[in-house]
Amino acid sequence: MTTFPIIRSVGLSGVLVSFAPTATDAANRAAIAFRGAVDALDLPQIEESSSTLVSAFFRVDLVAYRFDAMRAALAEVLAERDWCDAPLPAGRTLWTVPAVFGGALAPQLEEAAEAAGLSAAEAVADLTGTRLRVLTIGFAPGQPYLGTLAPHWNIPRQVGLSPNVPQGALVAAVQQMCLFAKETPTGWRHVGQSAFRCFQPEAENPFPLSPGDEVQFTSISAAELARLQAHGTDGAVRQVLE
Amino acid sequence: MRAVAENAALLGQSADHALLEMVGLGGVFEASETMRIALTGAAMAASIDGRAVVWDASHTLPTGARLELGAVREGTYAYLGIGGGITTERVMGARATHQSTGLGALVMAGDLLPVGTDPGGAVGWSLPRDQRFAGGTVRMVPSMQTHDFSKEIRDCFEAATFRRDPRANRQGVRFEADGAGFSNPDQLSVVSEVIVPGDIQIAGDGQPFVLLAESQTTGGYPRIGTVLPCDLPRVVQAPAGAALRFAFVTLEEGAEIEARARKTWAGLRKAATPLVRNPLEMQDLLSYRLTDGAISAFDVPLDTGEE
(Lines give C-alpha, C1' and ligand atoms only; values in the text may rest on other atoms or scores of the structure.)
Protein backbone atom coordinates (compact mmCIF):
# COMPACT_ATOMS: atom_id res chain seq x y z
CA MET A 1 0.00 0.00 0.00
CA THR A 2 1.45 3.32 -1.10
CA THR A 3 1.49 6.00 1.56
CA PHE A 4 1.08 9.67 0.71
CA PRO A 5 2.64 12.15 0.24
CA ILE A 6 5.00 10.34 -2.11
CA ILE A 7 7.97 11.53 -4.21
CA ARG A 8 8.48 9.79 -7.56
CA SER A 9 10.60 10.29 -10.67
CA VAL A 10 8.94 11.01 -14.01
CA GLY A 11 11.13 9.51 -16.73
CA LEU A 12 14.43 11.36 -16.68
CA SER A 13 12.54 14.67 -16.88
CA GLY A 14 11.50 15.52 -13.36
CA VAL A 15 10.19 14.77 -9.92
CA LEU A 16 6.54 14.47 -8.88
CA VAL A 17 5.30 15.02 -5.32
CA SER A 18 1.79 13.58 -4.91
CA PHE A 19 -0.51 14.18 -1.95
CA ALA A 20 -3.29 11.64 -2.56
CA PRO A 21 -4.16 8.68 -4.78
CA THR A 22 -7.47 10.23 -5.85
CA ALA A 23 -8.59 13.79 -6.47
CA THR A 24 -9.47 15.53 -3.22
CA ASP A 25 -9.74 19.23 -2.47
CA ALA A 26 -7.20 18.99 0.37
CA ALA A 27 -4.62 17.29 -1.87
CA ASN A 28 -5.14 19.93 -4.54
CA ARG A 29 -4.57 22.75 -2.05
CA ALA A 30 -1.48 20.92 -0.76
CA ALA A 31 -0.04 20.54 -4.27
CA ILE A 32 -0.54 24.25 -5.03
CA ALA A 33 0.89 25.38 -1.67
CA PHE A 34 3.86 23.00 -1.85
CA ARG A 35 4.72 24.04 -5.40
CA GLY A 36 4.63 27.70 -4.29
CA ALA A 37 6.93 26.98 -1.32
CA VAL A 38 9.47 25.06 -3.44
CA ASP A 39 9.39 27.69 -6.21
CA ALA A 40 10.19 30.33 -3.57
CA LEU A 41 13.40 28.44 -2.72
CA ASP A 42 14.60 29.01 -6.30
CA LEU A 43 16.56 25.72 -6.41
CA PRO A 44 19.07 25.75 -9.28
CA GLN A 45 18.21 22.17 -10.33
CA ILE A 46 14.55 23.04 -11.03
CA GLU A 47 13.94 24.40 -14.54
CA GLU A 48 10.19 24.92 -14.15
CA SER A 49 7.25 23.64 -12.16
CA SER A 50 3.57 22.86 -12.57
CA SER A 51 0.84 21.27 -10.52
CA THR A 52 -1.80 18.70 -11.36
CA LEU A 53 -4.98 17.81 -9.44
CA VAL A 54 -3.05 16.18 -6.58
CA SER A 55 0.66 16.66 -7.33
CA ALA A 56 3.40 19.23 -7.73
CA PHE A 57 5.81 18.57 -10.62
CA PHE A 58 9.33 19.94 -10.80
CA ARG A 59 11.22 19.68 -14.08
CA VAL A 60 14.74 18.52 -13.31
CA ASP A 61 17.31 16.99 -15.65
CA LEU A 62 17.78 13.63 -13.91
CA VAL A 63 20.82 12.94 -16.10
CA ALA A 64 22.65 15.95 -14.67
CA TYR A 65 21.20 15.67 -11.13
CA ARG A 66 20.66 12.44 -9.22
CA PHE A 67 17.06 11.61 -8.33
CA ASP A 68 18.05 10.50 -4.81
CA ALA A 69 19.49 13.93 -4.04
CA MET A 70 16.40 15.70 -5.43
CA ARG A 71 14.12 13.41 -3.44
CA ALA A 72 16.02 14.23 -0.25
CA ALA A 73 15.86 17.97 -0.92
CA LEU A 74 12.10 17.88 -1.55
CA ALA A 75 11.47 15.54 1.41
CA GLU A 76 13.00 18.18 3.65
CA VAL A 77 10.49 20.79 2.46
CA LEU A 78 7.70 18.23 2.69
CA ALA A 79 8.53 17.58 6.36
CA GLU A 80 8.18 21.26 7.28
CA ARG A 81 4.40 21.08 7.79
CA ASP A 82 1.12 19.42 6.93
CA TRP A 83 0.67 20.81 3.42
CA CYS A 84 -3.01 19.84 3.30
CA ASP A 85 -3.88 22.73 5.61
CA ALA A 86 -1.27 25.16 4.29
CA PRO A 87 -2.51 28.55 3.09
CA LEU A 88 -2.49 29.03 -0.68
CA PRO A 89 0.26 31.32 -2.00
CA ALA A 90 -0.41 35.08 -1.92
CA GLY A 91 -0.73 37.11 -5.12
CA ARG A 92 -3.22 34.80 -6.80
CA THR A 93 -5.86 36.31 -9.08
CA LEU A 94 -9.64 36.36 -8.75
CA TRP A 95 -11.20 36.33 -12.21
CA THR A 96 -14.79 37.36 -12.88
CA VAL A 97 -15.77 35.81 -16.21
CA PRO A 98 -19.10 36.56 -17.95
CA ALA A 99 -20.76 33.66 -19.78
CA VAL A 100 -24.06 32.72 -21.38
CA PHE A 101 -25.75 29.78 -19.63
CA GLY A 102 -28.13 27.60 -21.65
CA GLY A 103 -29.82 28.28 -24.97
CA ALA A 104 -28.31 27.61 -28.37
CA LEU A 105 -24.80 28.64 -27.27
CA ALA A 106 -24.70 26.18 -24.34
CA PRO A 107 -27.21 23.49 -25.28
CA GLN A 108 -26.62 21.00 -22.45
CA LEU A 109 -27.47 23.17 -19.43
CA GLU A 110 -30.89 21.54 -18.94
CA GLU A 111 -29.49 18.05 -19.33
CA ALA A 112 -26.71 18.76 -16.80
CA ALA A 113 -29.18 20.38 -14.39
CA GLU A 114 -31.43 17.34 -14.57
CA ALA A 115 -28.47 15.02 -13.89
CA ALA A 116 -27.69 17.17 -10.82
CA GLY A 117 -31.36 17.06 -9.73
CA LEU A 118 -31.91 20.80 -10.28
CA SER A 119 -33.98 23.13 -12.43
CA ALA A 120 -32.07 25.10 -15.06
CA ALA A 121 -32.43 28.28 -12.97
CA GLU A 122 -31.09 26.53 -9.85
CA ALA A 123 -28.17 25.17 -11.88
CA VAL A 124 -27.21 28.65 -13.13
CA ALA A 125 -27.50 29.98 -9.55
CA ASP A 126 -25.06 27.24 -8.44
CA LEU A 127 -22.60 27.77 -11.29
CA THR A 128 -22.50 31.55 -10.82
CA GLY A 129 -22.77 31.45 -7.03
CA THR A 130 -19.76 29.23 -6.35
CA ARG A 131 -16.30 30.75 -6.35
CA LEU A 132 -14.21 28.08 -8.07
CA ARG A 133 -10.49 27.44 -7.80
CA VAL A 134 -8.21 26.64 -10.74
CA LEU A 135 -7.37 23.10 -9.59
CA THR A 136 -4.91 22.51 -12.38
CA ILE A 137 -4.01 23.60 -15.89
CA GLY A 138 -3.82 20.81 -18.38
CA PHE A 139 -4.77 18.80 -21.41
CA ALA A 140 -4.66 21.86 -23.70
CA PRO A 141 -2.42 24.91 -23.20
CA GLY A 142 -3.68 27.15 -20.41
CA GLN A 143 -6.89 25.15 -19.95
CA PRO A 144 -8.20 25.20 -16.36
CA TYR A 145 -10.02 22.52 -14.44
CA LEU A 146 -12.18 24.36 -11.90
CA GLY A 147 -13.57 23.09 -8.63
CA THR A 148 -15.06 22.14 -6.51
CA LEU A 149 -18.82 22.21 -7.11
CA ALA A 150 -21.28 20.88 -4.50
CA PRO A 151 -21.67 17.07 -4.27
CA HIS A 152 -24.91 17.02 -6.32
CA TRP A 153 -22.73 18.13 -9.28
CA ASN A 154 -20.94 14.80 -9.22
CA ILE A 155 -22.51 14.04 -12.60
CA PRO A 156 -20.83 11.46 -14.84
CA ARG A 157 -19.33 12.22 -18.22
CA GLN A 158 -21.74 11.30 -21.01
CA VAL A 159 -20.96 8.02 -22.76
CA GLY A 160 -20.78 9.48 -26.27
CA LEU A 161 -18.58 12.45 -27.14
CA SER A 162 -19.98 15.79 -28.30
CA PRO A 163 -17.88 16.33 -31.44
CA ASN A 164 -16.96 20.04 -31.53
CA VAL A 165 -17.48 22.02 -28.35
CA PRO A 166 -16.06 25.50 -29.06
CA GLN A 167 -13.24 27.44 -27.49
CA GLY A 168 -14.47 29.43 -24.46
CA ALA A 169 -17.06 26.75 -23.60
CA LEU A 170 -17.85 25.98 -19.95
CA VAL A 171 -18.39 22.27 -19.51
CA ALA A 172 -19.32 20.34 -16.35
CA ALA A 173 -18.75 16.84 -14.96
CA VAL A 174 -17.57 15.14 -11.73
CA GLN A 175 -18.00 18.26 -9.51
CA GLN A 176 -15.71 20.22 -11.81
CA MET A 177 -15.95 22.69 -14.65
CA CYS A 178 -13.55 23.15 -17.49
CA LEU A 179 -13.13 26.24 -19.67
CA PHE A 180 -12.02 25.09 -23.12
CA ALA A 181 -8.81 26.54 -24.54
CA LYS A 182 -9.74 25.33 -28.02
CA GLU A 183 -12.47 23.47 -29.84
CA THR A 184 -12.56 19.97 -28.37
CA PRO A 185 -14.60 16.79 -28.59
CA THR A 186 -15.74 16.00 -25.05
CA GLY A 187 -17.84 13.84 -22.79
CA TRP A 188 -18.42 16.79 -20.42
CA ARG A 189 -21.69 18.70 -20.76
CA HIS A 190 -21.69 22.11 -22.42
CA VAL A 191 -23.46 24.36 -19.88
CA GLY A 192 -22.05 27.83 -20.61
CA GLN A 193 -20.23 29.85 -23.25
CA SER A 194 -17.73 32.63 -22.60
CA ALA A 195 -15.42 34.72 -24.79
CA PHE A 196 -12.46 33.93 -22.52
CA ARG A 197 -9.23 32.79 -24.22
CA CYS A 198 -7.17 30.54 -21.94
CA PHE A 199 -4.28 30.50 -24.39
CA GLN A 200 -3.00 33.77 -25.85
CA PRO A 201 0.25 32.95 -27.67
CA GLU A 202 0.73 36.56 -28.78
CA ALA A 203 0.45 37.97 -25.24
CA GLU A 204 3.32 38.63 -22.86
CA ASN A 205 1.79 36.02 -20.56
CA PRO A 206 0.27 33.43 -22.92
CA PHE A 207 -1.38 31.55 -20.03
CA PRO A 208 -3.55 34.00 -18.06
CA LEU A 209 -4.79 31.43 -15.52
CA SER A 210 -2.63 29.69 -12.91
CA PRO A 211 -3.42 26.88 -10.47
CA GLY A 212 -4.72 28.48 -7.26
CA ASP A 213 -6.43 31.38 -9.07
CA GLU A 214 -10.13 31.75 -8.34
CA VAL A 215 -12.89 32.13 -10.90
CA GLN A 216 -16.39 33.52 -10.46
CA PHE A 217 -18.78 33.27 -13.41
CA THR A 218 -21.52 35.79 -14.09
CA SER A 219 -24.53 35.21 -16.31
CA ILE A 220 -24.96 37.41 -19.40
CA SER A 221 -27.27 37.30 -22.41
CA ALA A 222 -26.31 35.99 -25.84
CA ALA A 223 -26.53 39.59 -27.13
CA GLU A 224 -24.04 40.78 -24.50
CA LEU A 225 -21.63 37.98 -25.40
CA ALA A 226 -21.92 38.93 -29.08
CA ARG A 227 -21.12 42.54 -28.15
CA LEU A 228 -18.00 41.45 -26.22
CA GLN A 229 -16.86 39.27 -29.12
CA ALA A 230 -17.45 42.12 -31.59
CA HIS A 231 -15.11 44.27 -29.50
CA GLY A 232 -12.53 41.47 -29.34
CA THR A 233 -12.73 41.33 -25.53
CA ASP A 234 -13.74 38.65 -23.04
CA GLY A 235 -15.29 40.98 -20.43
CA ALA A 236 -13.26 39.30 -17.68
CA VAL A 237 -12.24 41.35 -14.64
CA ARG A 238 -9.14 40.47 -12.66
CA GLN A 239 -8.35 41.30 -9.08
CA VAL A 240 -5.29 40.29 -7.05
CA LEU A 241 -6.07 38.23 -3.94
CA GLU A 242 -4.15 39.23 -0.81
CA MET B 1 16.76 14.70 -31.37
CA ARG B 2 19.40 12.74 -33.22
CA ALA B 3 18.59 13.89 -36.80
CA VAL B 4 18.78 17.53 -35.69
CA ALA B 5 22.14 16.93 -33.98
CA GLU B 6 23.43 15.18 -37.10
CA ASN B 7 22.23 18.00 -39.31
CA ALA B 8 23.90 20.63 -37.14
CA ALA B 9 27.12 18.60 -37.09
CA LEU B 10 27.19 18.37 -40.89
CA LEU B 11 26.70 22.12 -41.25
CA GLY B 12 29.02 22.96 -38.36
CA GLN B 13 26.40 25.04 -36.58
CA SER B 14 24.54 24.79 -33.28
CA ALA B 15 21.57 22.44 -33.03
CA ASP B 16 19.15 25.25 -32.16
CA HIS B 17 18.85 26.38 -35.80
CA ALA B 18 15.35 25.67 -37.13
CA LEU B 19 15.14 23.09 -39.90
CA LEU B 20 12.35 21.60 -41.97
CA GLU B 21 10.74 18.35 -40.86
CA MET B 22 9.12 16.19 -43.56
CA VAL B 23 6.90 13.19 -42.87
CA GLY B 24 6.97 10.45 -45.47
CA LEU B 25 7.26 12.73 -48.48
CA GLY B 26 9.61 15.59 -49.42
CA GLY B 27 9.10 18.36 -51.97
CA VAL B 28 10.84 20.53 -54.53
CA PHE B 29 12.83 23.47 -53.21
CA GLU B 30 14.42 26.26 -55.26
CA ALA B 31 17.36 28.22 -53.86
CA SER B 32 17.01 31.99 -54.29
CA GLU B 33 20.67 32.33 -53.31
CA THR B 34 23.58 29.95 -52.94
CA MET B 35 23.31 28.10 -49.66
CA ARG B 36 24.59 25.07 -47.79
CA ILE B 37 22.16 22.29 -46.96
CA ALA B 38 22.25 19.04 -45.00
CA LEU B 39 19.89 16.07 -45.29
CA THR B 40 19.37 13.81 -42.26
CA GLY B 41 16.81 11.51 -40.63
CA ALA B 42 14.60 9.21 -42.70
CA ALA B 43 16.31 8.75 -46.10
CA MET B 44 14.56 10.06 -49.20
CA ALA B 45 15.48 9.94 -52.87
CA ALA B 46 17.31 13.28 -53.24
CA SER B 47 18.65 15.18 -56.23
CA ILE B 48 19.96 18.64 -57.08
CA ASP B 49 19.11 19.73 -60.63
CA GLY B 50 18.47 16.11 -61.52
CA ARG B 51 21.72 14.72 -60.13
CA ALA B 52 21.40 12.32 -57.24
CA VAL B 53 22.92 13.48 -53.96
CA VAL B 54 23.83 11.47 -50.89
CA TRP B 55 21.68 11.44 -47.71
CA ASP B 56 23.28 12.05 -44.28
CA ALA B 57 25.50 14.63 -45.94
CA SER B 58 25.96 18.36 -46.58
CA HIS B 59 25.84 19.88 -50.07
CA THR B 60 25.93 23.23 -51.85
CA LEU B 61 22.65 24.40 -53.36
CA PRO B 62 23.63 27.09 -55.90
CA THR B 63 21.36 30.03 -56.77
CA GLY B 64 18.46 28.81 -58.89
CA ALA B 65 19.16 25.14 -58.24
CA ARG B 66 16.24 22.83 -57.53
CA LEU B 67 16.46 20.33 -54.71
CA GLU B 68 14.04 17.45 -55.19
CA LEU B 69 13.19 15.19 -52.26
CA GLY B 70 10.98 12.20 -53.00
CA ALA B 71 9.29 9.56 -50.89
CA VAL B 72 10.91 8.18 -47.75
CA ARG B 73 12.87 4.99 -48.39
CA GLU B 74 13.87 4.24 -44.82
CA GLY B 75 12.37 5.67 -41.61
CA THR B 76 9.55 8.19 -41.21
CA TYR B 77 10.75 11.75 -40.42
CA ALA B 78 13.29 13.45 -42.72
CA TYR B 79 15.07 16.75 -42.09
CA LEU B 80 16.35 19.50 -44.40
CA GLY B 81 18.75 21.84 -42.63
CA ILE B 82 20.19 25.04 -44.09
CA GLY B 83 23.34 26.96 -43.22
CA GLY B 84 22.12 29.83 -41.01
CA GLY B 85 18.87 28.00 -40.26
CA ILE B 86 15.29 28.84 -41.22
CA THR B 87 14.41 32.19 -39.65
CA THR B 88 10.62 32.33 -39.52
CA GLU B 89 9.21 34.56 -36.79
CA ARG B 90 9.46 33.21 -33.26
CA VAL B 91 6.28 32.54 -31.29
CA MET B 92 6.73 32.16 -27.54
CA GLY B 93 10.48 32.08 -28.05
CA ALA B 94 10.53 29.27 -30.61
CA ARG B 95 10.13 28.53 -34.30
CA ALA B 96 8.71 25.07 -33.67
CA THR B 97 5.18 24.22 -34.71
CA HIS B 98 2.48 22.75 -32.47
CA GLN B 99 -0.33 22.00 -34.86
CA SER B 100 -3.08 21.08 -32.43
CA THR B 101 -2.81 24.50 -30.72
CA GLY B 102 -2.25 26.46 -33.92
CA LEU B 103 1.37 27.42 -33.25
CA GLY B 104 3.36 27.77 -36.43
CA ALA B 105 2.09 26.57 -39.79
CA LEU B 106 2.62 23.73 -42.21
CA VAL B 107 4.88 24.63 -45.14
CA MET B 108 2.82 24.79 -48.32
CA ALA B 109 3.72 24.85 -52.02
CA GLY B 110 4.67 28.40 -52.99
CA ASP B 111 5.89 29.43 -49.51
CA LEU B 112 9.13 31.38 -49.18
CA LEU B 113 11.29 30.16 -46.32
CA PRO B 114 13.51 32.91 -44.86
CA VAL B 115 17.08 31.76 -44.26
CA GLY B 116 19.50 33.23 -41.73
CA THR B 117 23.00 34.47 -42.39
CA ASP B 118 25.37 31.56 -42.86
CA PRO B 119 28.84 32.26 -41.51
CA GLY B 120 29.87 29.62 -44.07
CA GLY B 121 31.69 26.36 -43.74
CA ALA B 122 32.57 23.20 -45.53
CA VAL B 123 30.16 21.09 -47.58
CA GLY B 124 30.54 17.54 -48.82
CA TRP B 125 30.67 15.99 -45.34
CA SER B 126 28.78 12.87 -44.46
CA LEU B 127 27.90 10.79 -41.42
CA PRO B 128 27.65 7.01 -41.33
CA ARG B 129 24.05 5.77 -41.60
CA ASP B 130 22.59 5.14 -38.15
CA GLN B 131 20.67 1.96 -37.28
CA ARG B 132 17.57 3.60 -35.80
CA PHE B 133 15.22 3.36 -38.80
CA ALA B 134 13.83 -0.18 -38.65
CA GLY B 135 12.56 -0.71 -35.10
CA GLY B 136 14.52 -2.87 -32.63
CA THR B 137 14.75 -2.65 -28.84
CA VAL B 138 14.19 0.60 -26.98
CA ARG B 139 15.12 1.10 -23.36
CA MET B 140 12.77 2.60 -20.79
CA VAL B 141 13.07 3.66 -17.16
CA PRO B 142 10.41 2.91 -14.55
CA SER B 143 8.19 5.92 -14.03
CA MET B 144 5.67 7.09 -11.47
CA GLN B 145 3.00 4.51 -12.30
CA THR B 146 5.17 1.56 -13.35
CA HIS B 147 4.62 -0.26 -10.07
CA ASP B 148 0.86 0.15 -10.34
CA PHE B 149 1.20 -2.57 -13.01
CA SER B 150 1.63 -6.10 -11.67
CA LYS B 151 5.02 -7.81 -12.14
CA GLU B 152 3.31 -10.28 -14.44
CA ILE B 153 2.06 -7.53 -16.76
CA ARG B 154 5.45 -5.78 -16.73
CA ASP B 155 7.20 -9.05 -17.62
CA CYS B 156 4.74 -9.74 -20.45
CA PHE B 157 5.26 -6.19 -21.71
CA GLU B 158 9.03 -6.68 -21.88
CA ALA B 159 8.66 -10.09 -23.55
CA ALA B 160 6.22 -8.89 -26.22
CA THR B 161 7.13 -7.89 -29.76
CA PHE B 162 5.13 -4.88 -30.92
CA ARG B 163 4.26 -3.65 -34.38
CA ARG B 164 4.15 0.06 -35.03
CA ASP B 165 0.59 1.02 -35.87
CA PRO B 166 -0.04 3.34 -38.84
CA ARG B 167 -1.89 5.59 -36.35
CA ALA B 168 0.88 8.01 -35.44
CA ASN B 169 1.63 11.71 -35.41
CA ARG B 170 3.71 14.19 -33.44
CA GLN B 171 1.46 13.61 -30.39
CA GLY B 172 2.14 9.91 -30.13
CA VAL B 173 2.58 6.61 -31.87
CA ARG B 174 0.58 3.49 -31.14
CA PHE B 175 2.10 0.02 -30.92
CA GLU B 176 0.28 -3.28 -30.91
CA ALA B 177 1.14 -6.78 -29.74
CA ASP B 178 -0.82 -10.00 -30.01
CA GLY B 179 -2.66 -11.16 -26.90
CA ALA B 180 -4.90 -9.65 -24.27
CA GLY B 181 -3.13 -6.32 -23.85
CA PHE B 182 -1.47 -4.79 -20.81
CA SER B 183 -4.23 -3.13 -18.80
CA ASN B 184 -4.17 -3.57 -15.06
CA PRO B 185 -7.72 -4.35 -13.99
CA ASP B 186 -7.38 -2.05 -10.94
CA GLN B 187 -5.84 0.79 -12.89
CA LEU B 188 -8.29 1.48 -15.70
CA SER B 189 -8.90 4.94 -14.32
CA VAL B 190 -6.24 6.88 -12.45
CA VAL B 191 -6.16 10.50 -11.39
CA SER B 192 -4.92 12.64 -14.28
CA GLU B 193 -1.18 13.17 -13.94
CA VAL B 194 1.70 14.98 -15.67
CA ILE B 195 3.00 13.59 -18.99
CA VAL B 196 6.55 13.85 -20.33
CA PRO B 197 7.66 12.91 -23.87
CA GLY B 198 8.61 9.23 -23.99
CA ASP B 199 5.87 8.17 -21.57
CA ILE B 200 4.32 4.85 -22.57
CA GLN B 201 0.61 5.19 -21.90
CA ILE B 202 -1.54 2.07 -21.78
CA ALA B 203 -4.80 3.14 -23.40
CA GLY B 204 -8.22 1.66 -22.74
CA ASP B 205 -7.67 -1.17 -25.23
CA GLY B 206 -4.55 -2.33 -23.36
CA GLN B 207 -2.10 -1.34 -26.11
CA PRO B 208 0.70 1.19 -25.64
CA PHE B 209 0.98 4.71 -27.02
CA VAL B 210 4.42 6.31 -26.83
CA LEU B 211 3.85 10.03 -26.30
CA LEU B 212 6.01 12.46 -28.27
CA ALA B 213 6.86 16.14 -28.73
CA GLU B 214 3.24 17.30 -29.15
CA SER B 215 1.81 15.16 -26.35
CA GLN B 216 -0.86 16.53 -24.05
CA THR B 217 0.57 17.92 -20.79
CA THR B 218 -1.49 15.67 -18.49
CA GLY B 219 -3.48 12.50 -18.91
CA GLY B 220 -5.50 9.89 -17.06
CA TYR B 221 -4.21 6.71 -18.71
CA PRO B 222 -1.53 4.97 -16.62
CA ARG B 223 2.08 5.02 -17.83
CA ILE B 224 4.00 1.72 -17.67
CA GLY B 225 7.41 3.36 -18.24
CA THR B 226 9.24 6.17 -20.04
CA VAL B 227 11.42 5.62 -23.11
CA LEU B 228 14.93 7.08 -22.74
CA PRO B 229 15.26 10.33 -24.75
CA CYS B 230 18.19 8.83 -26.68
CA ASP B 231 16.04 5.86 -27.77
CA LEU B 232 13.00 7.94 -28.79
CA PRO B 233 14.35 8.39 -32.36
CA ARG B 234 14.06 4.61 -32.79
CA VAL B 235 10.38 4.84 -31.80
CA VAL B 236 9.71 7.88 -33.97
CA GLN B 237 11.52 6.60 -37.08
CA ALA B 238 10.12 3.04 -37.01
CA PRO B 239 8.02 2.69 -40.15
CA ALA B 240 4.45 1.32 -39.93
CA GLY B 241 4.61 -2.42 -39.30
CA ALA B 242 8.18 -2.37 -37.90
CA ALA B 243 8.85 -4.67 -34.92
CA LEU B 244 9.82 -3.06 -31.63
CA ARG B 245 10.50 -4.29 -28.10
CA PHE B 246 10.71 -2.43 -24.81
CA ALA B 247 13.32 -3.23 -22.13
CA PHE B 248 13.52 -1.80 -18.61
CA VAL B 249 16.75 -0.32 -17.30
CA THR B 250 17.02 1.18 -13.80
CA LEU B 251 16.83 4.93 -13.34
CA GLU B 252 20.61 4.98 -12.60
CA GLU B 253 21.42 2.92 -15.72
CA GLY B 254 19.09 5.10 -17.78
CA ALA B 255 20.82 8.28 -16.62
CA GLU B 256 24.22 6.80 -17.50
CA ILE B 257 23.08 5.63 -20.96
CA GLU B 258 21.54 9.02 -21.65
CA ALA B 259 24.69 10.87 -20.48
CA ARG B 260 26.81 8.77 -22.88
CA ALA B 261 24.36 9.43 -25.74
CA ARG B 262 24.48 13.19 -25.12
CA LYS B 263 28.26 13.02 -25.35
CA THR B 264 28.04 11.07 -28.62
CA TRP B 265 25.53 13.49 -30.11
CA ALA B 266 27.62 16.49 -29.09
CA GLY B 267 30.67 14.85 -30.72
CA LEU B 268 29.00 13.97 -34.04
CA ARG B 269 31.05 16.64 -35.80
CA LYS B 270 34.12 14.50 -35.22
CA ALA B 271 32.39 11.46 -36.73
CA ALA B 272 31.76 13.27 -40.04
CA THR B 273 33.99 12.35 -42.96
CA PRO B 274 34.48 13.96 -46.39
CA LEU B 275 32.19 12.47 -49.01
CA VAL B 276 34.02 10.11 -51.32
CA ARG B 277 32.53 10.51 -54.76
CA ASN B 278 31.85 7.42 -56.84
CA PRO B 279 33.57 7.97 -60.25
CA LEU B 280 30.73 6.05 -61.97
CA GLU B 281 28.30 8.76 -60.79
CA MET B 282 30.51 11.70 -61.76
CA GLN B 283 29.18 13.24 -64.99
CA ASP B 284 32.05 15.72 -64.95
CA LEU B 285 34.72 13.04 -64.63
CA LEU B 286 36.64 14.22 -67.71
CA SER B 287 37.05 17.69 -66.25
CA TYR B 288 39.33 16.18 -63.60
CA ARG B 289 43.07 15.69 -64.20
CA LEU B 290 43.38 11.99 -63.69
CA THR B 291 46.88 11.29 -65.00
CA ASP B 292 49.10 13.26 -62.66
CA GLY B 293 51.62 11.17 -60.80
CA ALA B 294 51.60 8.24 -63.25
CA ILE B 295 54.51 5.88 -62.70
CA SER B 296 56.21 3.15 -64.66
CA ALA B 297 55.51 -0.42 -63.71
CA PHE B 298 59.08 -1.36 -64.55
CA ASP B 299 61.16 1.36 -63.03
CA VAL B 300 62.41 1.05 -59.51
CA PRO B 301 59.67 2.93 -57.66
CA LEU B 302 61.89 5.19 -55.66
CA ASP B 303 65.52 5.77 -55.55
CA THR B 304 65.96 5.66 -51.84
CA GLY B 305 69.65 6.27 -52.03
CA GLU B 306 70.37 3.08 -50.15
CA GLU B 307 72.38 0.08 -51.34
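Start by selecting helix α1 of chain B and colouring its buried residues: R2(B), A3(B), V4(B), A5(B), E6(B), N7(B), A8(B), A9(B), L10(B) and L11(B). Keep in mind on this tour that you are looking at a predicted model. Helix α1(B) covers residues 2-11, and ten of its ten residues are buried, so the helix is largely enclosed by the rest of the structure. Now step just past the end of α1(B) and click on G12(B), which takes a positive phi of about 65°.

**Stop two: a strand with two faces**

Select strand β1 of chain B, residues 20-23. Which side chains of β1(B) are buried, and which are not? L20(B) and M22(B) point to one face and are buried, while E21(B) and V23(B) point to the other face and are not. This fits a general pattern: in a regular strand, side chains alternate between the two faces of the sheet. Next, add β6(B) to your selection; it runs antiparallel to β1(B), and four bridges join the two. To see one pairing up close, pick M22(B) and its bridge partner in β6(B), A78(B).

**Stop three: the barrel**

Stay in chain B and show strands β8, β15, β12, β13, β10, β9 and β16. Followed in that order, these seven strands close into a barrel with mixed pairing. From one strand to the next, the twist averages 40°. Now bring in helix α2(B), residues 151-159, which packs on the sheet and touches β8, β9, β12, β13, β15 and β16 of chain B. Its direction makes about 135° with that of β16(B).

Zoom in on β12(B), residues 199-202, and β15(B), residues 223-227: these two run antiparallel and are joined by three bridges. Within this pair, I200(B) has G225(B) as its bridge partner in β15(B).

While you are at β15(B), select V227(B), which lies in this strand. Is V227(B) buried or exposed? With a relative accessibility of 2%, V227(B) counts as buried. Beyond its neighbours within four places in sequence, V227(B) is in contact with several residues, including V138(B), M140(B), I200(B), L232(B) and F246(B). Another contact is V210(B); try your distance tool on the C-alpha atoms of V227(B) and V210(B), which are 17 residues apart along the chain and separated by 8.0 Å.

**Stop four: a loop residue**

Move to Q145(B), in the loop between β8 and α2 of chain B. Although Q145(B) sits in a loop, this residue counts as buried at 5% relative accessibility. Leaving out residues up to four places away in sequence, Q145(B) touches V190(B), E193(B), Y221(B), P222(B) and R223(B).

**Stop five: a patch on the surface**

Turn on the surface and select F207(A), V91(B) and M92(B), which make a nonpolar patch of about 220 Å². M92(B) lies in the loop between β6 and β7 of chain B. With a relative accessible area of 39%, M92(B) is partly exposed.

**Last stop: a sheet in chain A**

Finish in chain A with an open sheet of four strands, in the order β1-β2-β4-β3 and with antiparallel pairing. Where do β1(A) and β3(A) stand? They are at the edges, each with a single partner strand, so one side of each has no neighbour in the sheet. Neighbouring strands of this sheet are turned by 20° against each other on average, direction ignored.

Look between β2(A) and β4(A), which pair in the antiparallel sense over five bridges. There, V15(A) stands opposite F58(A) of β4(A). Finally, show helix α2(A), residues 67-78, which lies across β1, β2, β3 and β4 of chain A and runs at about 150° to β1(A).

Notes
Residues are numbered from 1 along each chain as its sequence is written. Chains are lettered from A and ligands numbered from 1 in the order in which they are written. This is a predicted model: local features need pLDDT of at least 70, side-chain atom pairs count only at pLDDT 80 or more; totals for chains, interfaces and linings use all residues. Side-chain values use heavy atoms; hydrogens and water are left out. Two strands pair if DSSP finds at least two bridges between them. Axes are lines fitted to C-alpha atoms, for helices over the stretch in contact, and angles run from 0 to 180 degrees between N-to-C directions. Contact means heavy atoms within 4.5 Å. Buried means under 20% relative accessible area, exposed over 50%, partly exposed in between (1.4 Å probe, protein chains only). Patches are made of residues with over 30% relative accessible area and no salt bridge: like charges are joined within 9 Å, nonpolar side chains (Val, Leu, Ile, Met, Phe, Trp, Tyr) within 5 Å. Accessible areas come from the Shrake-Rupley method with a 1.4 Å probe; for residues, only the protein chains shown count as cover. A salt bridge is a side-chain nitrogen of Lys or Arg within 4 Å of a carboxyl oxygen of Asp or Glu.
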